[in-house]
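Let's take a walk through this structure together. Keep the picture open beside you as you read.

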Amino acid sequence: MCSSDLPALAVKIYTTYAETDADPMEVVQATPYRLCRDVRGVGFVQADRIALAVGMPKHSDSRLQAAILHVLDQAGRTGDCHLPTSVLLIRTRQLLTDDDPATADLSAPPSFGTHLTCCARRGRP
């Protein structure tokens with residue numbers, strides 16, 4: 001994200017929440033991954049940058065759940081109506097790739113299964 005894009009993004013975020021009861025600053029600080037769903041043109045990668053910049057832990061449950069939902073959304077947009085769990089796991093790990101072993105632990109099968117179940121129960125975060 002280029003610094004010259006920030007004012008336009010701020011306006012988009014403000015405009016999205018202007019007619020709701022949600023405080024844009026509160027959304028950005030407390031639930032930044034919500035931007036993926038609510039703000040047109042903001043995807044996981046941009047919301048992830050915002051989340052990490054406002055202090056969201058990179059090993060948070062909300063980050064993994066947002067990544068899972070992003071991968072599922074992308075699959076749906078390309079016409080996949082069924083995505084095997086193994087493929088979902090691989091794509092989610094690729095999305096969250098970094099050199100931190102804790103990130104690998106977060107997307108390890110036991111933890112991943114828990115988050116996948118949580119996403120299925122809640123629907124979209």
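In this predicted model, a good place to begin is with two helices, α4 and α5, which are roughly antiparallel to each other because their axes cross at roughly 170°, and angles over 145 degrees count as roughly antiparallel. Two packed helices are described by the angle between their axes and the distance between the axes. For α4 and α5, that distance comes within 11 Å.

Which residues meet where α4 and α5 touch? From α4 come F44, D48 and L52, and they meet R63, A66, A67 and H70 of α5. This contact is a mixture of 4 nonpolar, 1 polar and 2 charged residues. The spacing of such residues has a simple background: an α-helix has 3.6 residues a turn, so residues three or four places apart point the same way.

Now stay with α4, which spans 44–53. Its buried residues are F44, Q46, A47, D48, I50 and A51. These buried residues pack not just against α5 (61–77) but also against α1, α2, α3 (34–38) and α6 (85–95). After α4 comes G55, with a positive phi near 100°.

Finally, let α4 lead you to the second largest pocket, which holds about 250 Å³ of space. Among its 13 lining residues, L6, L9, I13, V28 and I50 are the closest to its centre. I50 is one you have already met, as a buried residue of α4. Which helix gives the most to this lining? That is α1, with 5 residues, while α1 (6–18), α2 (24–30) and α4 each supply at least two. The lining consists of 12 nonpolar residues and 1 charged residue, with no polar ones.

Technical notes
Residues numbered from 1 in each chain as written. Predicted model: local features only at pLDDT ≥ 70, side-chain atom pairs only at ≥ 80, totals over all residues. Heavy atoms only, no water. 1 Å grid on protein atoms, 1.4 Å probe; cavity = no way out; pocket = protein on both sides within 12 Å on 5 of 7 lines; lining within 4 Å. Points joined across faces, edges and corners; volume = space filled by probe spheres on them. Helix = DSSP H or I, 4+ residues; strand = E, 2+ residues; numbered from the N terminus. Nonpolar A, V, L, I, M, F, W, Y, C, P; charged D, E, K, R; others polar. Buried < 20%, exposed > 50% of the residue type's maximum accessible area, 1.4 Å probe, protein only. Contact = heavy atoms within 4.5 Å. Axes fitted to C-alpha atoms, helices over the stretch in contact; angles between N-to-C directions. Parallel < 35°, antiparallel > 145°, perpendicular 65-115°, else oblique.
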